[in-house]
Amino acid sequence: MTVLVRESAQNSWDAKTTNDVSFKLDLVTVSPAHRSAWKELLATDAPSDPTAARTLPDLFRSSTIRYLAVSDRGTSGLGGPTRSDVEAKPNQRGWLSFVLNSGERQDVDGGGGTYGYGKGAFFLASRVGTVLIYTRFREGDQLRSRLIASALLSSTTVDGVPYTGRHWWGLPSPDHCEPLVDQDADVTARRLGLPGFEKDETGTTVVVLDPDLSDPSLPDDDADEMSIESAGRHLADAAAWNLWPVTLSDRAVRMHVSVSAHGVRVPVPSEHDDAVLANFAAAYRTALGAHGKALFCMRPKQELGRFDHQDTFGAKVTSPAAAELGLVGSPHHVCLMRSPDLVVQYLPGPTKAHPDVGYAAVFKVNDDLDSIFSRSEPPTHDAWVDVQLTGRDATFVRVARKRMLEQCAAIVGPKTQSSQAVAVPVGTIAQRLGFLLSGVGGTGASDSNPAGGSTDFARPGHGSSTPTGGGSDAEAPKHGRGKTSSPRRQARPVLVGSPFFASHAGRAVLVQKVRVSGPTTLRGSASVFTGEGSLETTRPAGGSVPEVLGWRLDSNVTLGEFVEVDEGPSEYELLVVPVVDAAVDVAVEAMQR
């Protein structure tokens with residue numbers, strides 16, 4: 001299914017005619033209202049493949065008919081001649097290229113690749129090797145529709161005559177099969193319950209009959225399938241990790257992706273709710289902007305493309321669809337792309353010393369070299385292979401890979417013995433260094449703390465900490481480690497659990513939960529904890545410092561260090577922007593009201 005998403009979206013993007021392309025993936029179980037039409041129209045003389053485990057007759061005899069509809073709108077549709085022996089203009093070969101011919105090169109500038117290989121993914125995704133193709137296109141001033149079914153089964157020989165194994169359903173002609181057209185096509189599509197077209201929309205819907213929902217995380221010989229809901233989530237993840245560059249909301253020309261299962265919308269991850277995608281998106285924007293880094297081949301002298309990266313802290317990839325692309329855990333990859341801005345590959349680089357710290361990088365090929373890198377791609381468009389080229393072209397592809405890995409090595413830095421020490425659990429470090437803090441009176445916040453918050457240590461990217469701080473109130477020192485001098489009892493903050501990493505507004509933040517029992521004013525602070533056991537009081541030259549982003553209660557966020565608590569008990573979340581490779585001291589104090 002991941003290959004199907006990649007290839008179908010690429011065809012849709014190449015066929016765009018408007019600034020907004022709609023790309024939909026709908027997993028559907030045919031309703032009782034439409035099931036009779038499916039059997040009446042398609043079951044008669046349905047071809048059978050003796051080598052297949054499941055055939056079309058098996059599908060139509062079953063009580064459940066299921067399909068995956070892959071639809072695009074805002075695209076050109078499949079117009080032009082319906083016979084391969086009829087001459088067609090270069091921009092009027094949609095039907096020939098997708099429905100009839102295989103391996104035909106795209107004629108779109110900056111196109112994704114080759115028709116024929118991509119459409120094979122539709123047949124492979126069908127357990128019965130069959131698809132329906134419903135399209136609408138513009139012919140002059142008219143809107144035209146076509147509908148046809150196609151099966152790609154095993155070749156065979158009958159009475160000494162070889163047959164290709166290709167079967168068609170439509171309007172039989174003496175030497176080929178014509179599609180249903182215009183009103184006949186639209187009426188039949190409605191009878192089958194297929195996604196239709198609004199007003200003057202153009203585009204194509206390819207219906208994959210009886211989609212193979214085998215769980216990609218299980219061995220190939222395991223018969224278990226995903227549920228419709230799980231398959232919907234897998235499709236949504238596959239779309240997110242393969243198509244994110246063309247779905248960014250600030251693009252002038254973009255793709256809108258939607259997924260549904262049983263009519264229920266499945267959320268598609270994006271930079272707004274996934275920290276790793278947010279970092280890749282940030283790297284993409286910087287790489288293509290004024291501050292992007294150009295990578296060069298020196299002999300011959302040529303700019304290869306633009307590169308940039310973002311460090312990640314605690315952001316993990318857990319999607320099985322992303323795992324198929326080689327992304328697991330903390331990212332340490334370069335997202336490769338060329339002019340269609342679709343993901344070609346996530347090239348793995350060296351990992352950082354700490355398992356929870358990573359980087360998300362992007363490399364986009366110089367447009368002048370786009371055709372060279374396009375020729376280096378295999379039919380699935382998921383790698384750049386220099387051995388497929390010769391001479392200077394092979395040199396450019398090979399050196400680009402070398403330059404990217406050099407950049408990754410610089411990002412990671414030398415892995416010395418001391419740098420490996422950051423893999424030690426931070427809780428252990430905090431316990432050993434806790435005595436260095438002035439005013440430490442215990443091992444964590446408790447009811448015995450008179451009025452204050454406690455202090456936690458967190459290694460950005462690790463999300464583990466051990467409470468070691470003492471109490472404080474409004475008259476205590478800034479970081480809450482002095483003795484209580486005010487006799488007035490007030491609501492005291494208590495740090496709940498350890499800090500953890502989360503995503504907020506597309507960026508990674510360190511979150512510390514704070515419980516307060518009544519009205520008060522809370523102030524949060526964050527500082528770097530040095531190896532000497534003290535807090536940095538000045539910003540290092542050229543360095544970053546942690547900052548308090550704000551306070552979150554439910555879905556409401558109050559920006560800044562302070563928040564007014566009007567009633568209690570309540571549990572707030574302190575949001576802190578962390579820094580690279582540093583232990584962060586988080587403190588909370590209650591102010592006098």
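Which residues do ring pairs link into a cluster? We will come to the answer shortly, once you have your bearings. Keep in mind that this is a predicted model.

Start with the whole chain. There are 593 residues, and buried ones make up 52% of them. The secondary structure comes to 13 helices and 27 strands. Now take the contacts between residues at least 6 apart in sequence: 69% of these join residues at least 24 apart. On the outside, the chain exposes about 26900 Å², and carbon and sulfur atoms supply 50% of that area.

Back to the opening question. The cluster is made of Trp 241, Trp 244, Phe 280, Tyr 284 and Tyr 346, linked by ring pairs. Across the whole structure, a search finds 10 aromatic pairs. One pair worth finding on your screen is Phe 373 with Trp 384: the ring centres are 4.8 Å apart and the planes stand at 75 degrees, so this pair is edge-to-face. Phe 373 belongs to helix H10 (residues 370-375), while Trp 384 sits in the loop between H10 and helix H11 (391-412), so the pair ties together parts that are 11 residues apart in sequence. Are these two residues buried or exposed? Both Phe 373 and Trp 384 are buried.

Next, look inside. In soluble globular proteins, nonpolar side chains tend to be buried together. Here, the largest nonpolar core has 40 residues, and those with the most contacts inside it are Phe 23, Leu 25, Leu 27, Leu 68, Phe 122, Leu 243 and Met 255. Helix H7 (residues 228-247) gives this core its largest share, eight residues. To get a feel for the packing, pick Met 255. Leaving aside neighbours within four places in sequence, Met 255 is in contact with Ala 9, Ser 12, Trp 13, Val 21, Phe 23, Leu 243, Val 246 and Thr 247. There is also a second, separate core of 26 residues, which includes Leu 304, Leu 336, Phe 396 and Ala 400.

Now for the sheets. Strands of a sheet pair through backbone hydrogen bonds, either parallel or antiparallel. One open sheet has five strands in the order S14-S15-S18-S16-S17, and its pairing is mixed. At its edges you will find strand S14 (293-297) and strand S17 (343-348), each pairing on one side only. From one strand to the next, the twist averages 30 degrees. Zoom in on strand S16 (residues 332-337), which runs antiparallel to S17 and is joined to it by five bridges. In one example, His 333 has Pro 348 in S17 as its bridge partner. A helix rests here too: H8 (residues 275-287) lies across strand S15 (302-313), S16, S17 and strand S18 (357-365), running at about 145 degrees to S15.

Further along the chain, another five strands form an open sheet, in the order S20-S21-S26-S23-S24, with antiparallel pairing. Why is one side of strand S20 (493-504) and of strand S24 (556-559) left without a neighbour in the sheet? These strands stand at the edges and have a single partner strand each, so there is no neighbour on one side. Neighbouring strands of this sheet are turned by 30 degrees against each other on average, direction ignored. Within the sheet, seven bridges join strand S21 (residues 507-516) to strand S26 (residues 570-577), and the two run antiparallel. To see one of their contacts, find Val 516, whose bridge partner in S26 is Ser 570.

Terms used
Residues numbered from 1 in each chain as written. Predicted model: local features only at pLDDT ≥ 70, side-chain atom pairs only at ≥ 80, totals over all residues. Heavy atoms only, no water. Pairing = 2+ DSSP bridges. Helix = DSSP H or I, 4+ residues; strand = E, 2+ residues; numbered from the N terminus. Axes fitted to C-alpha atoms, helices over the stretch in contact; angles between N-to-C directions. Core = buried A, V, L, I, M, F, W, Y, C linked by side-chain atoms within 4.5 Å. Buried < 20%, exposed > 50% of the residue type's maximum accessible area, 1.4 Å probe, protein only. Contact = heavy atoms within 4.5 Å. Areas by Shrake-Rupley, 256 points an atom, 1.4 Å probe, with all protein chains shown as cover. Phe/Tyr/Trp six-rings, centres within 6.5 Å; stacked < 30°, edge-to-face > 60°.
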